[in-house]
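Let's take a walk through this structure together, one region at a time. Keep the model open beside the text and find each part as it comes up.

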Amino acid sequence: MTVTKVPFPSPATLKKFPHVHDAPSTLSHTLDPFTITTTTGFLPYATAPVDIPASFKTLQSLVERLPVVRADGTPGLLATYELGPAVKAELTDMTDEVEKLVMPDGTPDRFTLTAVFRDYTFLASSYLLEPCWENWCKNPDQGYGLGRDMLPQSVARPMYLCAQILDLPPFMSYAASYALFNYNFTDHAKGLGEYSNLRLVRAFERGHDPKSSEAGFILTHVDMVKETGALISGTLRVVDTLEQHGPRSYINAGFREILTAMEKIEASMEDMWANSKPSEYLSFRVFIFGITNQSMFPNGVIYEGVEENKPLFFRGESGANDSIIPLLDHLCQIPMPSTPLTKILHEFRAYRPLPHREFLTYIREKSDHIGVQNYAVQDSETTVLFLQTLNHIRSFRWRHWLFAREYIIRRTPHPTATGGSPIVTWLPNQLSAVMDLMVTIYDTHLAPKDGVAFVDGQEDLIASHRKQVEPMMELVRNQKEKLAKEVEKWCQERGV
């Protein structure tokens, strides 16, 4: 029997994402650094530069001098709370120089622009939150106090222009600033192959020490995201094959590619406990808070010379802005509850790089159109693969909940996460949604039915597939109960 080959990616996908199979080294710097490829996944197509153009030498000097402990081991500006005066004394408005960051043909050099944007966001967050850092160091039991409520024009205007060109909010973000465009290598020949080869470009506290908890926190995310090329490949294999009415075996192969990628991603995620100590997280966390829903900025922040000096509000850096789980949420068509917490989930979309947003939207719309979930449950083997994919979403979110509990909830009464979401209830909102869907799918499509247990003395195919997921489903039901009790306990203790 001859099986018709299915174009992969499909013509529709290639039209929308023409570089998805290109070698990253061939991509022009006119492209957004986060242009999606099946090689680099959600990482940038090239590692971020350490040095920015010489015209921004004062900016680079400030971000290199600002960490509590600098790369050379000496105290930085934040160690003595002198960053604010240094910014005002040294930095001039370089908006005109931002406009000059173009390629020979005059198109924006988005790669360099992102590096400059990264450095401005590090400086902006340090400047705004420096008083909170000082207060936390001197009076840790009294909370963070108030941050600065005006960002000087010398930071605000050029950062704002960078953000406009890159189509990002003008504030520190997870991918384009803090984590995924903020690493380099000690040995470029080894690349991403070894975690020990990763180094931070910019840091707030002690992150230039690769053994520090700040470095571990950021670089563990990089180590996870390096596996996302296969995640994207597997996702496209599922949706493109289904859209073109290809064989189920191809679709099952796509799910298996996703499962293999998620096993590696979660193995890296588990290393967070060793790479970044829970007892040290609150220190550098001070600098990644946003403005929205934060007690440090009750009246927002004025960006001097921007938007008529009206107070602005932006959400802070958050690992919740990573694209791994949203991709699988969309592929699996997980229904989220209609709550204010889900609204925050949707607001986070704007803080991802434009190529991430476009790809996630494409997968969400295509999955809904072709009915990935409905197709999966028509066959017991695919149903198992679909449930196993959902289980990785569950276990990823469960581990994220454990991080939030052990790194934050047990250690501080501050009610909001860095992104401005409620620290106790937000993660359980999404975690409960995926567990509910798993139970529904199992009960509807795999659970024992009267008179279908045996055929000719042998267990039928559905019963065989059921056995593969029964232990997993028992864990899910137990975790649902445990999560509900934990959330109730923390809400009662915090008066939520």
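This is a predicted model, and the protein chain has an average pLDDT of 93, with 97% of the residues scoring at least 70. One stretch to treat with care is residues 451-458, where pLDDT stays under 50. For those residues the model has 7 contacts beyond four places in sequence.

A good place to begin is helix α10, which runs over residues 248-270. Its 23 residues reach 33 Å from the first C-alpha to the last, close to the 33 Å expected at 1.5 Å a residue. Which residues of α10 are buried? They are I251, N252, G254, F255, I258, L259, A261, M262, I265, E266, S268 and M269. Several other helices help to cover these buried residues: the cover includes α8 (213-225), α9 (228-243), α11 (272-275), α13 (324-331), α16 (372-376) and α17 (380-409). We can visit three of these in turn.

Start with α9. Two packed helices are described by the angle between their axes and the distance between the axes. For α9 and α10, the angle is about 160° and the axes are 8 Å apart. An angle over 145° counts as roughly antiparallel, so α9 is roughly antiparallel to α10. The two helices cross in a left-handed sense. On the α9 side, the residues that meet α10 are T228, A230, L231, S233, G234, T235, R237, V238, T241 and L242. Their partners in α10 are Y250, I251, A253, G254, F255, E257, I258, A261, M262 and I265.

Between α9 and α10 there is a loop, and H245 is found in it. This residue has a positive phi of about 60° although it is not a glycine. Is H245 buried or exposed? With a relative accessible area of 74%, H245 is exposed. If you would like another residue of this kind, look at N309, in the loop between β4 (301-303) and β5 (311-312). N309 also has a positive phi of about 60° without being a glycine, but its relative accessible area is 37%, so N309 is partly exposed.

Back at α10, turn to α13. The axes of these two helices come within 13 Å and cross at roughly 155°, so α10 and α13 are roughly antiparallel to each other. Here α10 passes α13 in a left-handed crossing. What do the two helices bring together? F255, I258, M262 and I265 in α10 meet I324, I325, L328 and L331 in α13.

Helix α13 also leads us on to α15, which covers residues 354-370. Their axes come within 8 Å and cross at roughly 20°. Angles under 35° count as roughly parallel, and α13 and α15 are therefore roughly parallel to each other. The contact is formed by P326, L327, H330 and L331 of α13 together with F359, L360, I363, R364 and S367 of α15. This crossing is right-handed.

The third neighbour of α10 to visit is α8, a helix of 13 residues. From its first C-alpha to its last, α8 reaches 19 Å, close to the 18 Å expected at 1.5 Å a residue. How many residues of α8 are buried? The count is 13 of the 13, so α8 is largely enclosed by the rest of the structure.

Two further residues make good stops before we finish. Look for D22 in the loop between α1 (11-16) and α2 (57-65). At 27% relative accessibility, D22 counts as partly exposed. Setting aside neighbours within four places in sequence, D22 is in contact with L27, T37 and T39. D22 and T39 are 17 residues apart in sequence, and their C-alpha atoms are 8.2 Å apart in space.

The other stop is N135, in helix α5 (residues 110-138). Leaving out its neighbours within four places in sequence, N135 is in contact with P140, Q142, G143, Y144 and G145. From N135 you can also look across to G316, 181 residues away in sequence and 19 Å away in space, C-alpha to C-alpha.

Methods: Residues are numbered from 1 along each chain as its sequence is written. This is a predicted model: local features need pLDDT of at least 70, side-chain atom pairs count only at pLDDT 80 or more; totals for chains, interfaces and linings use all residues. Side-chain values use heavy atoms; hydrogens and water are left out. pLDDT is the predictor's confidence in each residue, from 0 to 100. Contact means heavy atoms within 4.5 Å. Helices (H or I, at least four residues) and strands (E, at least two) are DSSP runs, numbered from the N terminus. The expected span of a helix is 1.5 Å times one less than its number of residues. Buried means under 20% relative accessible area, exposed over 50%, partly exposed in between (1.4 Å probe, protein chains only). Axes are lines fitted to C-alpha atoms, for helices over the stretch in contact, and angles run from 0 to 180 degrees between N-to-C directions. Angles under 35 degrees count as roughly parallel, over 145 as roughly antiparallel, 65 to 115 as roughly perpendicular and the rest as oblique. A crossing is left-handed if the near helix is turned anticlockwise from the far one by less than a right angle, and right-handed if clockwise.
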